[in-house]
Amino acid sequence: MTLNPSVADAAKPVKTLPDAQTVTAVRHWTDRLFSFRVTRPASLRFRSGEFVMIGLPGDNGKPILRAYSIASPAWDDELEFYSIKVPDGPLTSKLQNIRVGDEIILRPKPVGTLVLDALLPGKRLWFLATGTGIAPFASLMREPDSYERFEQVIMMHTCRTADELAYGRELVENLKHDPLLSEIHGEDFANRLLYYPTTTREPSPWMGRITDNLTSGKVFADLNLPPMDPASDRAMICGSLDFNTDVKAVLEGFGLREGANSEPKEFVVEKAFVGDGI
């Protein structure tokens, strides 16, 4: 997920790559989506769901920085990121060409609202994402504390086509056989993670926008769950600005209230997401 460039550090001319981290893996999922892993600074501490500034030097020598959600969990030895490719994007036009052994800039100052501490205790935790907005939830789905605090975790992810769901689909499949989570939470752990992928343009087993599937009750029927209840359901939202606004209205219609790090409530929104201009 890529976030608002307005939160970038002030760009300063550089002669060598500052805060350098080395690329350890790159995978291109479609012609528009890719993920990559980099080394993790020994001093970096973050909460699953937070984001950091990453970037590359621009043609003028000044760093081009954008905020990216960390897709790997807080316990991982490396850092993973998931990104869209924008042909004319100031950063992604360059970032999509990185290879193993290359270096990127990483400013180790994690922040963000999509953290477990920003929610009140509950029974079910809903992750609601479109596109690369799944990145912070890729971190939280692999975070043991998510299953310590909640009885069920539901990942709703919507993309235009089925191939754009591949990153999340593979992640969830691997999680169902994760030895660490199974050891901590028991062999029935996989039954506590529910995955609801939908498409909006290409036919697939489940279709429709997250807002429509929530308001119509379709997702509750498909997953055999009761409707959202502010007494037991908690949610996190990450997508385009329009998506965030629309889903927020739906959750408020169910009686949930928006919270923050300083005032935990029933749901939180990542407001820094900027969309495709990266």
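This is a short tour of a predicted model, with a suggestion at each stop for what to select next.

**Stop 1: the open sheet**

Begin with the strands β8, β9, β10, β11 and β12. These 5 strands make an open sheet, and reading across it the order is β10-β9-β8-β11-β12, with parallel pairing. Look at the two ends: β10 and β12 are the edge strands, each having a single partner, so one side of each has no neighbour in the sheet. Going from one strand to the next, the twist averages 10 degrees.

Now zoom in on β8 (124-130) and β11 (233-238). The two run parallel and are joined by 6 bridges. For a landmark on this pair, select leucine 128, which stands opposite isoleucine 237 in β11.

**Stop 2: the helix across the sheet**

Next, show α8, residues 241-253. This helix lies across β8, β11 and β12, and runs at about 165 degrees to β11. Within α8, pick out asparagine 244. Is asparagine 244 buried or exposed? Its relative accessibility is 5%, so asparagine 244 counts as buried. Show its surroundings and, leaving aside residues up to four places away in sequence, you will find that asparagine 244 touches Ile237, Cys238, Gly239, Val269 and Glu270. Ile237 is a residue to keep highlighted: it is the one that leucine 128 stands opposite.

**Stop 3: the nonpolar cores**

Which residues touch the most other members of the largest nonpolar core? Select Phe127, Phe137, Met141, Met155 and Met236; the core they belong to has 38 residues. Two or more residues come from each of β6 (78-84), β8, α2 (135-141), β9 (152-159), α4 (166-175), β10 (193-199) and β11.

Centre the view on methionine 236. Apart from residues up to four places away in sequence, methionine 236 touches Leu114, Val115, Leu116, Leu119, Trp126, Phe127, Leu128, Phe137, Leu140 and Val268. Two of those names, Phe127 and Phe137, are already selected from the core list. There is also a second, separate core, made of 22 residues; among them are Met156, Leu194, Val219 and Val250.

**Stop 4: salt bridges**

Switch on the charged side chains. How many salt bridges are there? The count comes to 19, and three pairs make good stops.

- Start with lysine 248 and glutamate 258, whose side chains meet in a salt bridge at 2.8 Å, N to O. Lysine 248 sits in α8 and glutamate 258 in the loop between α8 and β12 (267-269), so this pair ties together parts 10 residues apart in sequence. Both partners are partly exposed: lysine 248 at 27% relative accessibility and glutamate 258 at 21%.
- Move to arginine 149 and aspartate 145, another salt bridge at 2.8 Å, N to O. Here both residues belong to helix α3 (residues 144-149), and they are 4 residues apart, about one turn of the helix. Arginine 149 is partly exposed at 34%, as is aspartate 145 at 27%.
- Then select glutamate 50 and arginine 47, where the closest N and O atoms are 3.3 Å apart. Glutamate 50 is buried, with a relative accessible area of 6%, whereas arginine 47 is partly exposed at 33%.

Before leaving the charges, select Arg37, Asp76, Glu78, Glu80 and Arg142 together: salt bridges with shared partners join them into one network.

**Stop 5: two asparagines in loops**

Go to asparagine 97, in the loop between α1 (92-95) and β7 (103-111). Asparagine 97 is exposed, with a relative accessible area of 53%. Its side chain has a polar atom 3.2 Å from the backbone oxygen of serine 93. For a sense of scale, draw a distance to serine 146: the two C-alpha atoms are separated by 34 Å, and the residues are 49 apart along the chain.

Finish at asparagine 224, found in the loop between α7 (218-223) and β11. At 71% relative accessibility, this residue counts as exposed. What is notable about its backbone? Phi of asparagine 224 is near 60 degrees, a positive value in a residue other than glycine. Most residues other than glycine have a negative phi.

Conventions. Residues numbered from 1 in each chain as written. Predicted model: local features only at pLDDT ≥ 70, side-chain atom pairs only at ≥ 80, totals over all residues. Heavy atoms only, no water. Core = buried A, V, L, I, M, F, W, Y, C linked by side-chain atoms within 4.5 Å. Buried < 20%, exposed > 50% of the residue type's maximum accessible area, 1.4 Å probe, protein only. Contact = heavy atoms within 4.5 Å. Polar contact = N/O pair within 3.5 Å; in protein donor to acceptor, adjacent residues only side chain to side chain. Salt bridge = Lys/Arg side-chain N within 4 Å of Asp/Glu carboxyl O. Pairing = 2+ DSSP bridges. Axes fitted to C-alpha atoms, helices over the stretch in contact; angles between N-to-C directions.
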